[in-house]
There are 2 protein chains.
Amino acid sequence: MTSVRPYHHGNLREAVLAAAVNAINEVGPASVSLRDLARRAGVSHAAPAHHFGDKAGLLTALAAEGYDLLADALAAAQQRTQDFLEVGVAYVRFALEHRSHFAVMFRPDLYHPDDPAVRAARERASDALSTGIGSIPSGRAGPDARLAGVAAWSLVHGFATLWLNGALPPELGDDPEALARAVAAVLFSSP
Amino acid sequence: MTSVRPYHHGNLREAVLAAAVNAINEVGPASVSLRDLARRAGVSHAAPAHHFGDKAGLLTALAAEGYDLLADALAAAQQRTQDFLEVGVAYVRFALEHRSHFAVMFRPDLYHPDDPAVRAARERASDALSTGIGSIPSGRAGPDARLAGVAAWSLVHGFATLWLNGALPPELGDDPEALARAVAAVLFSSP
DNA sequence: CGCACTATCTTGTCAATGGCTAGATTCTTG
DNA sequence: CAAGAATCTAGCCATTGACAAGATAGTGCG
């Protein structure tokens, strides 16, 4: 069954990141331990440090991966539907499908927010979001398109956060994506 | 200057909570240590445990305090202005003025979210928020007032979170309260 | 092929932390 | 004043993050 573990793991970096995703799903981002991730990956407790430096470095890599995934998801939604509302829904869907990444990305006290890789990935995601928001019909967006963009981002981000925290009342149902679509529709609904 | 420290602190519970607020402001909620708080309060490392049980218990107390403060702030704004928009602004102002509390309240993995005290306080805040949202003129709220409420909450919560994270672009200025008011105005603006 | 060089991983160690237990001190209440 | 409860201290242990030194495996270059 279990083959003899070779001295070199072969793909430790990816394995630790995957283990981190699972561990954060189970115990939350505050309680992950590097040593536990090392155990999950089947290596010694100090092996991950070589790839990530320290714990914050690991979470930095996870945040960068998350921003990349987010940028991809937003760009895909934008190209698929040409509908800014669906870009917002895609934002929420990303948060739900990648809750571990999402839980780290917007917690800059957990990682190195100025790391070049994470900065670049965040920039990509930010551009994708701006593109989606830029497609808001100006008649619906009000006089200042920038404000409308911040409002849209705030709304979907807040909704995803509140839903993931279990802060929203249960009467709202169990389909977060449909609810997100309905809530987002409130923002720019024509009267 | 420094009088001899008596065996009994006298007000250790409050002192530790206050120290926690400061510590979280400095290093973030993930890195606070009970022992550091004990040092700040001038007591032995095990003293706080008597009042809070464990670390999660301390953060539970902090979250409960936060929900109480939030309920007060929302109720005051509601009574002062009778304007749901100002209730939203008060939500953002609370998050900015009590960032340590805010950083813990919506992170249920850090504390005991089912603790009776925190449940009650959260209920109070939720009621205050509902009252504020209930005052949204139905013409502006759309067909489903509940959806409008979730949208409003999501918007102010998301804005506060993004601002505190430094995720919003700096071109938006340095007055978060004014910006929050402008962004919230987008939500229910008449055409 | 062989050898140096580098990347990867292990083992051992240390200080700091959270949590527990036993005991000391002070307050309270009858 | 006495007994018990509340509060705090001191000591201990397992776990963690970080570091250092060394072992192993892959890589490139003669």
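From the N terminus on, the elements of chain A run α-α-α-α-α-α-α-α-α-α. Put as a count, chain A has 10 helices and 0 strands. The model I am discussing is a predicted one.

Let me give the overall dimensions of the chain. Along the principal axes, the C-alpha atoms of chain A fill a box of roughly 65 × 40 × 30 Å. Chain A has 191 residues, and 42% of them are buried. As for the contacts in chain A with a separation of 6 or more, 72% are accounted for by residues 24 or more positions apart.

I turn now to two helix pairs. In general, two packed helices are described by the angle between their axes and the distance between the axes.

The pair I shall take up now is α4 and α5 of chain A. Helix α4 covers residues 55–81 and helix α5 covers residues 84–97; they pack at an angle of about 150°, with their axes 9 Å apart. Angles over 145 degrees count as roughly antiparallel, and α4(A) and α5(A) are therefore roughly antiparallel to each other. The crossing of α4(A) past α5(A) is right-handed. On the α4(A) side, the contact is made by A:L69, A:L70, A:A73, A:L74, A:A77, A:Q78 and A:T81; on the α5(A) side, by A:E86, A:V87, A:A90, A:Y91 and A:F94. By class, the residues of this contact between α4(A) and α5(A) are 9 nonpolar, 2 polar and 1 charged.

One residue of that contact deserves a closer look, namely A:L74. What does A:L74 contact, leaving aside its neighbours within four places in sequence? The partners are A:V87, A:A90, A:Y91, A:A125, A:A128, A:L129 and A:G132. A:L74 also appears in the largest nonpolar core, which has 120 residues. The residues with the most contacts inside that core are A:L74, A:A151 and A:V156, together with B:L74, B:A151 and B:V156. As a general remark, nonpolar side chains tend to be buried together in soluble globular proteins.

The other pair is α9 and α10 of chain A. The axes of helix α9, residues 145–165, and helix α10, residues 176–187, come within 10 Å and cross at roughly 150°. That angle makes α9(A) roughly antiparallel to α10(A). Here, too, the crossing is right-handed. From α9(A), the contact draws on A:A151, A:A152, A:L155, A:V156, A:F159 and A:W163; from α10(A), it draws on A:P176, A:A180, A:V183, A:A184 and A:L187. These residues divide into 11 nonpolar, no polar and no charged.

That brings me to the interface between the chains. 30 residues of chain A are in contact with 30 residues of chain B. Which elements give two or more residues to the side of chain A that touches chain B? They are α9 and α10 of chain A. The most is given by α9(A), with 13 residues. By class, this side of chain A has 20 nonpolar, 9 polar and 1 charged residues.

Finally, a local point in chain B. B:H45 lies in the loop between α2 (34–41) and α3 (47–52) of chain B. Is B:H45 buried or exposed? It counts as partly exposed, because it has 13 C-beta neighbours inside 10 Å. Not counting residues up to four places away in sequence, B:H45 touches B:R35 and B:A38. B:R35 is 10 residues from B:H45 along the chain, and their C-alpha atoms are separated by 4.9 Å.

Note on methods:
Residues numbered from 1 in each chain as written. Chains lettered and ligands numbered in written order. Predicted model: local features only at pLDDT ≥ 70, side-chain atom pairs only at ≥ 80, totals over all residues. Axes fitted to C-alpha atoms, helices over the stretch in contact; angles between N-to-C directions. Helix = DSSP H or I, 4+ residues; strand = E, 2+ residues; numbered from the N terminus. Parallel < 35°, antiparallel > 145°, perpendicular 65-115°, else oblique. Left-handed = near helix turned anticlockwise from the far one by under 90°. Contact = placed C-beta atoms within 7 Å. Nonpolar A, V, L, I, M, F, W, Y, C, P; charged D, E, K, R; others polar. Core = buried A, V, L, I, M, F, W, Y, C linked by C-beta atoms within 7 Å. Buried ≥ 20, exposed ≤ 12 C-beta atoms within 10 Å, placed from the backbone.
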